[in-house]
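User: I want to go through this model's pocket and one of its helices. Please keep the answers short.
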Amino acid sequence: DASYNNDDYSFYSFLTVEQIDSCIRKLHLHKASSPDDLVAEHLVYSHPSVIIHIKLLFSLIFAHGYIPDDFGKGIIVPLVQDKNNNLNNVSNYRPITLTCVISKIFEALLLTICSDSLVTNELQFGFKPGISCSDVIFSVKTVVDYFV
């Protein structure tokens, strides 16, 4: 388009400070810090002007199609699953990854913007709210019992 101006980022007006603020408010508080030593509380209790700066950052990410390298970095920490079990058993641990708080907001914003396009099949059981493995096990058992 001949009217496109590299210095004009207004075409990313679909990003709003309200969306970003909503994503910040959904962050879980009292969690470990990320590799950049930021925690959710830094953003939740920051001055409202920080949201405008985050909006500008995200607009630039969309405009240039470049994700900062730090968005892909994380620290893997093993968490004990059961403190009463053997602490020397590797299977008694589950890993979590501490990632950049700003990248969590960016991911939440993408999910908000793209939620209409991210529809799963009704037959998918994993990673859906309110549905667990026990639901699919029940379905399979019911089908097997019917045909047996």
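User: How much space lies in the largest pocket?

Analyst: This is a predicted model, where local features need pLDDT of at least 70, side-chain atom pairs count only at pLDDT 80 or more, and totals for chains, interfaces and linings use all residues. Numbering runs from 1 along each chain as its sequence is written, and side-chain values use heavy atoms, without hydrogens and water. A pocket is an open set of points on a 1 Å grid over the protein atoms alone where a 1.4 Å probe fits, with protein on both sides within 12 Å along at least five of seven lines. The space in the largest pocket is about 260 Å³.

User: Which element gives the largest share of the lining of the largest pocket?

Analyst: Lining residues have an atom within 4 Å of a point. Among them are Leu27, His28, Ile96, Thr97 and Lys104. β2 (93-99) and α4 are the elements that give two or more residues. The largest share, 4 residues, comes from β2.

User: What span should helix α3 have at 1.5 Å a residue?

Analyst: Helices are DSSP runs of H or I, at least four residues. The expected span is 1.5 Å times one less than the number of residues. The end C-alpha atoms of α3 (residues 49-64) are 23 Å apart, which agrees with the expected 22 Å.

User: Which residues of α3 are buried, and which are exposed on the other side?

Analyst: Buried means under 20% relative accessible area, exposed over 50% (1.4 Å probe, protein chains only). The buried residues are Ile51, Ile54, Phe58, Ser59 and Ile61. They cover an arc of only 155° around the axis, so they lie on the same side of α3. Exposed on the other side are Ile52, His53 and His64.

Key
Arc of directions from axis to C-beta. Points joined across faces, edges and corners; volume = space filled by probe spheres on them.
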